[in-house]
Amino acid sequence: MPRFSGHRVTICAPKTKYFELQSTPIQPISTLKGKQKMSARTQEQTLHKNLKAIAATNVELAKRLCLPVRDDQICIGEDGETLYQYGRIPRKLNLSSEELPQPSTLAANRSDMVIAGVGLGEAVDQTLRLSVATVRAWERDPLLLRLALSVHDWSEAILSERLVLYLGADCVKIPHSARQGLWCHPVLEGIYGVEMPLLRKGIKAKRAFVCAGELFVRDIAQSLEEMGYSVYTWDIEGVALDELSHTVHTFEPEVVFSVNFSNGLSEACADFGIPL
């Protein structure tokens, strides 16, 4: 099963400050189901066209999308399906037509619509084609958003602000009124379970980070929510330091919880002034 040959990040033990990132140059994926005829060059051109449009409306987001990010969570199966590694069993990201927002629902929706989990972009693409609504699309994983931007030309919708993209902790900026038209990615809804209350209800005054992981993370997040906290996943081993910093300043947590020890975590929390 081939691994995704993209932007690879290695998190090392810190020598001076937090995490040391080492990466190889970014390359767009060479195959996606339904997109096999798109060459790597065409995907790269599509990505750059979308990034240029994003830079015209949100230059900070465009810069963040060019930061290093881990890619070992993505692989391509033997049948060409794109798989997301979460837990012991890889999850298939490619959606069938039955799993997408239905045309009848989209045609009737004339207000904002929130896509929770861009994934490979099929739901965003269909909503833009079949609805007149403003699409507010959120994705937690920078790599997945890059993949979607490399196979779908959304530049016109981005420039006209009919499509507004939200990455990571930016989900707290989605207008409350838009959350009434919420569609959740059927695969990523489970993987991003910690963030789903934020997408559905908005942010609370009390806020906490849980460091990314699988064992007990959901239990901790649920307990914190019951105590009146909004909770967000801090992916300390998957994104660049600049993105970690952006997440802190956007979400403004009061405390960080971590199940396992991670090199550099205590130093990072100390510098950001967040109790661990």
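Let's start at a loop: Glu161 lies between helix H6 (155-159) and strand S8 (163-167). This is a predicted model, and the chain it describes has eleven helices and twelve strands. Of its 276 residues, 51% count as buried. Contacts often span long stretches of sequence: among those between residues at least 6 apart, 66% join residues at least 24 apart.

**Two glutamates with positive phi**

- Glu161 has a phi near 65°, a positive value in a residue other than glycine.
- With 51% relative accessibility, Glu161 counts as exposed, because the cut-off for that class is over 50%.
- Glu252 also has a positive phi, of about 55°, although it is not a glycine.
- The loop that holds Glu252 runs between helix H10 (241-251) and strand S12 (255-257).

**Leu163, just along the chain in S8**

- Leu163 is found in strand S8, and at 2% relative accessibility it counts as buried.
- Leaving out residues up to four places away in sequence, Leu163 touches Val124, Leu128, Val135, Ala137, Trp154, Ala157 and Ile158.
- Leu163 and Thr127 are 36 residues apart in sequence, and their C-alpha atoms are 10.0 Å apart in space.

**The nonpolar cores**

- The largest nonpolar core has 67 residues, and Leu163 is one of those with the most contacts inside it, along with Ile54, Leu149, Trp154, Leu165 and Trp234.
- Helix H5 (residues 142-151) gives this core its largest share, six residues.
- A second core, separate from that one, has nine residues, including Val210, Val217, Leu224 and Val255.
- Back in the largest core, Leu149 is in contact with Thr46, Leu47, Asn50, Ile54, Leu65, Trp154, Ile158 and Leu165, once its neighbours within four places in sequence are set aside.

**Helix H10 and its surroundings**

- Eight of the eleven residues of H10 are buried, so this helix is largely enclosed by the rest of the structure.
- The buried residues of H10 are Glu243, Leu244, Ser245, His246, Thr247, Val248, Thr250 and Phe251.
- These buried residues pack against several elements: helix H2 (59-64), S8, helix H8 (196-201), strand S10 (206-211), S11 and helix H11 (265-272).
- Right after H10 comes Glu252, the residue with a positive phi near 55°.

**The largest pocket**

- The largest pocket has a volume of about 760 Å³.
- Its lining is made up of 40 residues, and the closest to the pocket centre are Arg70, Arg140, Ala212, Gly213 and Asp235.
- Helix H9 (217-226), strand S11 (229-234) and H10 are the elements that give two or more residues to this lining.
- By type, the lining residues of the largest pocket divide into 19 nonpolar, twelve polar and nine charged.

**Cysteines**

- If you are thinking about disulfides, the structure holds zero.
- Cys171 is buried, with a relative accessible area of 2%.
- Cys184 is buried too, with a relative accessible area of 15%, because that value falls under the 20% cut-off.

Technical notes:
Residues numbered from 1 in each chain as written. Predicted model: local features only at pLDDT ≥ 70, side-chain atom pairs only at ≥ 80, totals over all residues. Heavy atoms only, no water. Helix = DSSP H or I, 4+ residues; strand = E, 2+ residues; numbered from the N terminus. Buried < 20%, exposed > 50% of the residue type's maximum accessible area, 1.4 Å probe, protein only. Disulfide = S-S within 2.5 Å. Core = buried A, V, L, I, M, F, W, Y, C linked by side-chain atoms within 4.5 Å. Contact = heavy atoms within 4.5 Å. 1 Å grid on protein atoms, 1.4 Å probe; cavity = no way out; pocket = protein on both sides within 12 Å on 5 of 7 lines; lining within 4 Å. Points joined across faces, edges and corners; volume = space filled by probe spheres on them. Nonpolar A, V, L, I, M, F, W, Y, C, P; charged D, E, K, R; others polar.
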